[in-house]
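This briefing concerns one protein chain. Please have the sequence and the coordinates at hand while reading.

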Amino acid sequence: MLLPVAAMLTAAVWTAGSAHAADCATKVTSDFNGDGLADLIVGEPFRDGPGGEEFGGAFRTLYGGATGVSTAGNQYFNASHVIDLESDGHELGIYYETSWYRAPEGLRPSLKNQAQAYPGRGVSVRRIDHINYLGVDPVANRDFAVDVLGGMVTEQIVLDDGVAGSWTTFTNKGYDVVYTRDRTGTAGRLHHIAFATDTREDILRAADIALEQGVFIETGPHKHAIQQTFFLYVYEPGGNRVELCNAGARLVLAPDWQPIDWTEEERAKGQAWGLKTIASFHTHGTPPVADPATPGAT
Ligand SMILES: [Fe+2]
């Protein structure tokens, strides 16, 4: 997932030209290996890999010990290395270099301030909007997103037995990453990935397109209470839930934004206009697992 990674890199700004971890301007600390001791990630520009690979720069993990951090067992990660850093087992990618997309001939925009020409086919989504992970411990995952990746909580579900969901942003959008409690008690699953459209009307048209194309519509079009997102949920052929969404012009511009907590009583009222949330929304995730509370459901 690129957004938290981007946020992490924002936090890990290093001194250009330095070849030594000690010269890095800032670093990221957390207990990455779960041994109860603080660990460290630093950037090393122009550093080759431990086997002499020409990374052109790298991240290096330094694990904490009884007497402080040490290079023993340290790991290098290059530009698009997949690394599992959060406690629930979702794999997050770290990258520090990228190149700007240049549209191929035939997709060049007439206006240079957009990535490519409007495709004009299918749903024509504007961008990846957010990802929603299912997890065993949404509090630990939320804290990882905030403390390690530099995110900010904008809204939460706080049920009678505690936090069951957290919406986190790394930008001025209402949310980029969501962690919600997996009712099956399974770690590391995906609830959905979402793509944003320009208008709410696009969501209605997307439903018509899904109908015509035989794409399974799970629920919607409708409006969430949380974040007020106008939504449509479909399953792609592999079974992953995909959301097509439009959040209107909701932006978080206050740096001291106060998280909105939704209580169990408020959640029981359903979605924004009273639609009850479909049961599969609480159980289906990928990879599918048997739901102990709903035999046969995944
Ligand atoms: Fe969503």
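The points below cover confidence, overall make-up, the nonpolar cores, one helix and a set of paired strands.

The structure is a predicted model. Its mean pLDDT is 82, and 77% of the residues reach 70 or more. The protein has four helices and 15 strands.

**Confidence**

- Over residues 1-26 the pLDDT stays under 50. The model nevertheless has 59 contacts beyond four places in sequence for this segment.
- Where pLDDT is low, the predicted coordinates should not be read in detail.

**Overall make-up**

- The protein has 298 residues, of which 31% count as buried.
- Among contacts with a separation of 6 or more, 54% are between residues 24 or more positions apart.

**Nonpolar cores**

- The largest nonpolar core consists of 14 residues, and Y133, W167, V177 and V178 have the most contacts inside it. At least two residues of this core come from each of β7 (127-135), α2 (138-148) and β10 (177-181).
- Leaving aside residues up to four places away in sequence, Y133 touches D88, H90, N141, V178, Y179, L190 and H191.
- A second core, separate from the largest one, has 13 residues, including F231, V234, L244 and C245.
- In soluble globular proteins, nonpolar side chains tend to be buried together.

**Helix α2**

- The buried residues in α2 include P138, N141, R142, F144, A145 and V148. One of them, N141, is also touched by Y133.
- An α-helix has 3.6 residues a turn, so residues three or four places apart point the same way.
- After α2 comes G150, which has a positive phi, near 85°.

**Strands β8, β9 and β15**

- Strands β8 (residues 152-159) and β9 (residues 162-169) run antiparallel and are joined by seven bridges. The connection from β8 to β9 is a hairpin of two residues.
- Within this pairing, M152 stands opposite T169 of β9.
- Strand β8 is also joined to β15 (residues 260-263), by four bridges, and these two strands run parallel. V158 has T263 in β15 as its bridge partner.
- β8 therefore pairs with both β9 and β15, since two strands pair if there are at least two bridges between them, and β8 has seven bridges to β9 and four to β15.
- In a regular strand the side chains alternate between the two faces of the sheet.

Conventions. Residues are numbered from 1 along each chain as its sequence is written. This is a predicted model: local features need pLDDT of at least 70, side-chain atom pairs count only at pLDDT 80 or more; totals for chains, interfaces and linings use all residues. pLDDT is the predictor's confidence in each residue, from 0 to 100. Two residues are in contact if their C-beta atoms, placed from the backbone, lie within 7 Å. A residue is buried if 20 or more other C-beta atoms lie within 10 Å of its own, exposed if 12 or fewer, and partly exposed in between; C-beta atoms are placed from the backbone. A nonpolar core is a set of buried Ala, Val, Leu, Ile, Met, Phe, Trp, Tyr and Cys residues joined through C-beta atoms within 7 Å.
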